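Let's take a walk through this one together. Have the sequence and the coordinates open, and follow along strand by strand.

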Amino acid sequence: FVVTMCPGPDGNSFLSGHLDGSIWRSCFETETSPRPTHSKIAVVPSCVAYALAWGYAGIVAAGNDRCVRFWDPEGREGQTFDYTSDARLKEFTCAAFNPSGESVVLG
């Protein structure tokens with residue numbers, strides 16, 4: 001089941017987060033890519049990624065495990081920030097990059 005979606009920075013693709021923790025990238029047909037593609041690019045192992053965003057710098061996903069995970073645009077795992085020790089934080093439900101794709105905000 002799809003639980004979240006976000007557009008790609010190129011305007012021709014999107015990411016979808018699924019109930020099993022997987023994140024899939026789908027690309028539409030373009031002049032340079034004559035066939036649509038659909039591929040699994042990442043997995044959030046311990047929760048469902050309700051907060052999902054894709055900017056030029058990469059991909060961010062977070063959920064109810066209080067961890068924020070980053071991947072590069074090709075799906076290679078980057079940095080993880082663990083907020084489990086902060087009792088004030090409950091879960092992440094939304095994420096958005098700024099227009100340049102260099103900064104992200106989560107809530």
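When we say "strand" here, we mean a DSSP run of E with at least two residues, with numbering that starts from the N terminus. Two such strands count as a pair if DSSP finds at least two bridges between them. Keep in mind that this is a predicted model.

With that in hand, start at strand 7, residues 67–71. Four of its five residues are buried, so this strand is mostly covered, buried being under 20% relative accessible area. On one side of the pairing story is strand 6, residues 58–62, which runs antiparallel to strand 7 and is joined to it by four bridges. If you want a register mark for that pair, use Ala61, which sits opposite Arg69 of strand 7.

Strand 7 also pairs with strand 8, residues 77–82, again in the antiparallel sense and over four bridges. Here the register mark is Trp71, with Glu77 of strand 8 standing opposite. As a general point, side chains in a regular strand alternate between the two faces of the sheet.

Now for the turns. Strand 7 and strand 8 form a hairpin with five residues between the strands, and Gly75 takes a positive phi near 95 degrees there. The hairpin of strand 6 and strand 7 has four residues in between. Which residue in that turn has a positive phi? Arg66 does, at about 65 degrees, although Arg66 is not a glycine. That deserves a second look, because most residues other than glycine have a negative phi. Arg66 lies in the loop between the two strands, and at 22% relative accessibility it counts as partly exposed.

Next, the charges. Side chains of opposite charge can pair when their charged atoms come close. How many salt bridges does a search of the whole structure find? The search turns up three. One of them links Asp65 and Arg69, with the closest N and O atoms 3.0 Å apart. Both partners are covered: Asp65 is buried at 12% relative accessible area, and Arg69 is buried at 9%. Recall that Arg69 is also the residue facing Ala61 across the strand 6 and strand 7 pair.

Another salt bridge joins the side chains of Asp72 and Arg76, at 2.8 Å from N to O. Arg76 is exposed, with a relative accessible area of 55%. Then there's Asp86 with Arg88, whose side chains meet at 3.2 Å, N to O. In that pair Asp86 is partly exposed at 24%, whereas Arg88 is exposed at 74%.

What about disulfides? The whole-structure search finds zero of them. Cys6 is in none, and the nearest cysteine sulfur, belonging to Cys27, is 12 Å away. Why is there no bond for Cys27? Its closest cysteine sulfur, in Cys6, is 12 Å off, and that is too far for a bond. A disulfide would need the two sulfurs within 2.5 Å. As for their surroundings, Cys6 is buried at 7% relative accessibility, while Cys27 is partly exposed at 23%.

Finally, jump back to strand 2, residues 13–18, and find Ser16. Is Ser16 buried or exposed? At 4% relative accessibility, Ser16 counts as buried. Its side chain makes a polar contact with the side chain of His18, at 2.9 Å. Leaving out residues up to four places away in sequence, Ser16 touches several others, including Val2, Met5, Ile23, Trp24 and Leu52.

Note on methods: Residues numbered from 1 in each chain as written. Predicted model: local features only at pLDDT ≥ 70, side-chain atom pairs only at ≥ 80, totals over all residues. Heavy atoms only, no water. Buried < 20%, exposed > 50% of the residue type's maximum accessible area, 1.4 Å probe, protein only. Polar contact = N/O pair within 3.5 Å; in protein donor to acceptor, adjacent residues only side chain to side chain. Contact = heavy atoms within 4.5 Å. Salt bridge = Lys/Arg side-chain N within 4 Å of Asp/Glu carboxyl O.
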